[in-house]
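Reader: I have a structure open in front of me and I'd like to learn how to read it. Could you walk me through some features?

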Amino acid sequence: QVQLVESGGGLVQPGGSLRLSCAASARLFNFYVTGWYRQAPGKQRELVARITAGGSAYYTDSVKGRFTISRENDKKMVYLQMNSLKPEDTAVYYCNLHGPPDYWGQGTQVTVSS
């Protein structure tokens, strides 16, 4: 049974930073593409960033230069460092292991507001 547990969300002022963490229980974690998605109220879930097992990263245009995805295969951890946060980054952020099947965490709320 694969489990993903996110942490690190919270309330931050515009321009601030947060670091999200995702702990995975997947036995074959090292082989998975992992990513972070987000879903704002009334909007569809969208891909924020993705990283391959070898460390190649992809970012959606709106977060390029501000967010950094990373992973530690030996610890089965995925991270999302978020800098220069904007109110439009407010959403529930989900950790993902890319399948099939896809695996998802329960989500962590990020709120950017003054």
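**Reading the model, feature by feature**

Author: Let's start with a cross-link: Cys22 and Cys95 form a disulfide, with their sulfur atoms 2.1 Å apart. The pair ties together distant parts of the chain, since Cys22 belongs to strand β3 (residues 18-24), Cys95 to strand β9 (residues 91-98), and the two are 73 residues apart. Keep in mind that this is a predicted model.

Reader: Which hand does the link of Cys22 and Cys95 have, left or right?

Author: Look at the angle about the S-S bond: at -85 degrees, the link is left-handed.

Reader: Are the two cysteines buried or exposed?

Author: Here you check the relative accessible area, and under 20% counts as buried. Cys22 has 0% relative accessibility, so it is buried. Cys95 is buried too, with a relative accessible area of 0%.

Reader: Okay, now the sheet. In what order do the strands of the open sheet come?

Author: Its 4 strands follow the order β1-β3-β8-β7, with antiparallel pairing. β1 (4-7) and β7 stand at the edges with a single partner strand each, so one side of each has no neighbour in the sheet. On average, neighbouring strands here are turned by 15 degrees against each other, ignoring direction.

Reader: How many bridges join β3 and β8?

Author: β3 and β8 pair over 6 bridges in the antiparallel sense. For one spot to look at, take Leu18, whose bridge partner in β8 is Met82.

Reader: How do I read the two faces of a strand?

Author: Here's the general idea: in a regular strand, side chains alternate between the two faces of the sheet. Now try strand β7 (residues 67-72): Phe67, Ile69 and Arg71 make up its covered face, while Thr68, Ser70 and Glu72 are on the uncovered one.

Reader: And what joins β7 to β8?

Author: 6 bridges do, and the two strands run antiparallel, with β8 covering residues 77-82. Arg71, for instance, has Val78 as its bridge partner in β8. The two strands form a hairpin with 4 residues between them.

Reader: Which backbone angles deserve a second look?

Author: Most residues other than glycine have a negative phi, and most peptide bonds are trans. Lys76 is not a glycine, yet it has a positive phi of about 55 degrees. You'll find Lys76 in the turn of the hairpin, where it is partly exposed with a relative accessible area of 27%. Ser84 also has a positive phi, near 50 degrees. Ser84 sits in the loop between β8 and β9 and is partly exposed, at 40% relative accessible area.

Reader: Where is the cis peptide bond?

Author: Go to Pro100 and Pro101, which are joined by a cis peptide bond with omega of about -10 degrees. Pro101 lies in the loop between β9 and β10 (103-104).

Reader: Last one: how many residues does the largest nonpolar core have?

Author: It has 29, and those with the most contacts inside it are Trp36, Phe67, Ile69, Leu80, Met82 and Tyr93. β3, β5 (46-51), β7, β8, β9 and β11 (108-112) each supply at least two residues of this core.

Reader: What is Tyr93 in contact with?

Author: Setting aside its neighbours within four places in sequence, Tyr93 has contacts that include Glu6, Leu20, Trp36, Arg38, Phe67, Leu80, Met82 and Val110. You've already seen Phe67 on the covered face of β7, and Met82 as the bridge partner of Leu18.

Technical notes. Residues are numbered from 1 along each chain as its sequence is written. This is a predicted model: local features need pLDDT of at least 70, side-chain atom pairs count only at pLDDT 80 or more; totals for chains, interfaces and linings use all residues. Side-chain values use heavy atoms; hydrogens and water are left out. Buried means under 20% relative accessible area, exposed over 50%, partly exposed in between (1.4 Å probe, protein chains only). Two strands pair if DSSP finds at least two bridges between them. A disulfide is a pair of cysteine sulfur atoms within 2.5 Å. Axes are lines fitted to C-alpha atoms, for helices over the stretch in contact, and angles run from 0 to 180 degrees between N-to-C directions. A nonpolar core is a set of buried Ala, Val, Leu, Ile, Met, Phe, Trp, Tyr and Cys residues joined through side-chain atoms within 4.5 Å. Contact means heavy atoms within 4.5 Å.
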